[in-house]
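Student: Could you take me closely through one part of this model, the open sheet and the core that goes with it? I would like the criteria spelled out as you go.

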Amino acid sequence: MLCLEAAFDVGKDLHEDTAFLEAEPFWKINFYQLRISEKSLGPGFCLEQPNENQDVDGTLYYTEHQPAMENRMEIMAVEGSRLKIRLTGVTEDVNYYDGSKPKTRMELVGWFYRKK
């Protein structure tokens with residue numbers, strides 16, 4: 001299993017409808033595969049976690065927990081114990097949980113530290 005967690009401070013230049021929330025988002029995804037070898041964790045390695053049942057395999061916390069779906073990760077670079085990863089997914093609009101707005105697409109490119 002590969003678990004990715006990304007935590008953020010309160011954003012800058014936010015839209016008026018979310019700025020007042022002063023949220024500190026947190027995105028967590030668990031990718032399952034029978035075996036992931038150390039050697040395979042290199043540039044081009046990809047995993048997907050659709051989280052179709054909208055359970056705990058992918059979550060975004062903004063001001064409340066909500067499912068993160070269609071999650072995908074791709075390793076772009078490796079430097080020692082750091083992995084540069086592109087992470088993508090979709091979730092409900094953080095202000096409208098009733099499905100009345102289109103899903104929000106998320107993308108993050110950043111360095112993740114590998115723990116064994």
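Tutor: The open sheet has four strands in the order 3-6-7-8, with antiparallel pairing, where strands are DSSP runs of E with at least two residues, numbered from the N terminus, and two strands pair if DSSP finds at least two bridges between them. The edge strands are strand 3 and strand 8, each of which pairs on one side only, and neighbouring strands of this sheet are turned against each other by 20° on average, direction ignored, the axes being lines fitted to C-alpha atoms, with angles that run from 0 to 180 degrees between N-to-C directions. This is a predicted model, in which local features need pLDDT of at least 70 and side-chain atom pairs count only at pLDDT 80 or more, while totals for chains, interfaces and linings use all residues. Residues are numbered from 1 along each chain as its sequence is written, and side-chain values use heavy atoms, with hydrogens and water left out.

Within the sheet, strand 6 and strand 7 pair in the antiparallel sense over eight bridges, and Met69 stands opposite Val90 in strand 7.

As for the core, the largest nonpolar one has 22 residues, and Trp27, Phe31, Met73 and Leu87 have the most contacts inside it; such a core is a set of buried Ala, Val, Leu, Ile, Met, Phe, Trp, Tyr and Cys residues joined through side-chain atoms within 4.5 Å, buried meaning under 20% relative accessible area with a 1.4 Å probe, protein chains only. Strand 1 (2-7), strand 2, strand 6 (69-79), strand 7 (82-91) and strand 8 (104-113) each supply at least two residues of this core. Leaving aside neighbours within four places in sequence, Trp27 is in contact (heavy atoms within 4.5 Å) with residues including Leu4, Leu60, Leu87 and Met106.

Terms used:
Buried means under 20% relative accessible area, exposed over 50%, partly exposed in between (1.4 Å probe, protein chains only).
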